[in-house]
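Here is a short note to read beside the structure. Keep the view open and find each residue as it is named.

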Protein chains: 2
Amino acid sequence: MHMTVDQRSPRHSPQTCSVIAEHLSRIGDRWTLPVVVTLRDGPLRFNQLRRGVGGISQQMLTRTLRALERDGMVDRTVHPTVPPQVEYALTALGGSLGDQALQLGSWIVANLAEIERCRSAFDAEKA
Amino acid sequence: MHMTVDQRSPRHSPQTCSVIAEHLSRIGDRWTLPVVVTLRDGPLRFNQLRRGVGGISQQMLTRTLRALERDGMVDRTVHPTVPPQVEYALTALGGSLGDQALQLGSWIVANLAEIERCRSAFDAEKA
DNA sequence: CGGAATCCTAAGTGATACTG
DNA sequence: CAGTATCACTTAGGATTCCG
């Protein structure tokens, strides 16, 4: 942080860039970051998490959690009770991703009005 | 920058979150950030930019640039020569987005090995 | 309760051909 | 050179149904 970004340095090799792009579109999908951000407030069970995120289908929550689990962002703990209870919690890695998500979120919030203004102007002169 | 992110603060209302998610999946697509990052080194013409990004089809570059222009991230300047020359440059807003992209990129690079390790472990125990 | 399986639609993306 | 138009393909995502 506070690293001064050189305006003209290439910074990453093309291959590295494509790897970055790959992971970026991975976590930039519709639900990954909302789920991660929701889990920052503490571990949740499946349906608690689903309500917390809001608007996500059962299937997409399952898929998103599997992907996050696979990437080491989320821990899945099954309590052998009946009915079964499954608890999801962020790993350290996942928490770190959450930090990034919040930063990006802050940037978006900070620039939202400007973006909307630009869109309106663009659309207006197209008409 | 350097804002300490409170581990447990709710941070954003649900509506705000969904707006964030919306913009996030907007810029989290396959090409937006690669294009923005490429443009950080200075203005480029269409085909220069295409070569710089690498691997992008002509159609996707056009669409990505239109979307960026609409959002006020990129300026498009047509020089009335023959054959026509069109120059694309980041706006201040676009540069700011580029900064965010680089930060996220740095996070990905820093955690790539760990992620890959987790994936291998996950896939292994699935077999 | 926490999923898996299946079906379906819409959107993202690439390839190709054509144009001012 | 810098696009536009069209088509075909793949994927994301929702809805529904069924299971341990």
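The points below take up the DNA strand, then the contact between the two protein chains.

1. Status of the model. This is a predicted model. Please read every distance and area below with that in mind.

2. Who sits around the DNA? There are 20 residues around DNA strand C. Those that come nearest are R76(A), Y88(A), R30(B), Q59(B) and R63(B). Look for these five before anything else.

3. Which part of the strand faces the protein? Take the atoms of DNA strand C within 4 Å of the protein. Sugar or phosphate accounts for 67% of them, and bases make up the rest.

4. Phosphate contacts. R76(A) places a polar side-chain atom 2.4 Å from a phosphate oxygen of DNA strand C. For Y88(A), a polar side-chain atom also lies 2.4 Å from a phosphate oxygen of the strand. R30(B) uses its backbone instead: an N or O atom there is 2.9 Å from a phosphate oxygen.

5. Elements near the DNA. In chain A, α3 (46–53), α4 (58–70) and β3 (85–90) each give two or more residues to the surface near DNA strand C. In chain B, α4 (58–70) does so. The largest share, four residues, comes from α4(A). Sorted by class, this surface has eight nonpolar, six polar and six charged residues.

6. How much do the protein chains touch? In chain B, 53 residues are in contact with 55 residues of chain A. The size of an interface is often given as the accessible area lost when the parts come together. Here, the area buried between chain B and chain A is about 5,200 Å². Carbon and sulfur atoms give 64% of that area. R70(B), W107(B) and R119(B) supply 14% of the area that chain B buries against chain A, more than any other three residues.

7. Charged and polar pairs. Four salt bridges are counted between chain B and chain A. In one salt bridge, the side chains of D71(B) and R119(A) meet at 2.5 Å, N to O. The count of residue pairs in polar contact between these chains is eight.

8. Elements on the chain B side. At least two residues each come from α1 (14–27), α2 (32–39), α4 and α5 (92–126) of chain B. Which of them gives the largest share? That is α5(B), with 21 residues. By class, the side of chain B that touches chain A divides into 21 nonpolar, 16 polar and 16 charged residues.

How values were computed: Residues are numbered from 1 along each chain as its sequence is written. Chains are lettered from A and ligands numbered from 1 in the order in which they are written. This is a predicted model: local features need pLDDT of at least 70, side-chain atom pairs count only at pLDDT 80 or more; totals for chains, interfaces and linings use all residues. Side-chain values use heavy atoms; hydrogens and water are left out. A residue is near a molecule or strand if one of its heavy atoms lies within 4 Å of it. A polar contact is a pair of N or O atoms within 3.5 Å; within protein, one must be able to donate a hydrogen and the other to accept it, and residues adjacent in sequence count only if both atoms are side-chain atoms. Ala, Val, Leu, Ile, Met, Phe, Trp, Tyr, Cys and Pro count as nonpolar, Asp, Glu, Lys and Arg as charged, and the others, Gly among them, as polar. Contact means heavy atoms within 4.5 Å. Buried area is the accessible area (1.4 Å probe) that two parts lose on being put together, summed over both.
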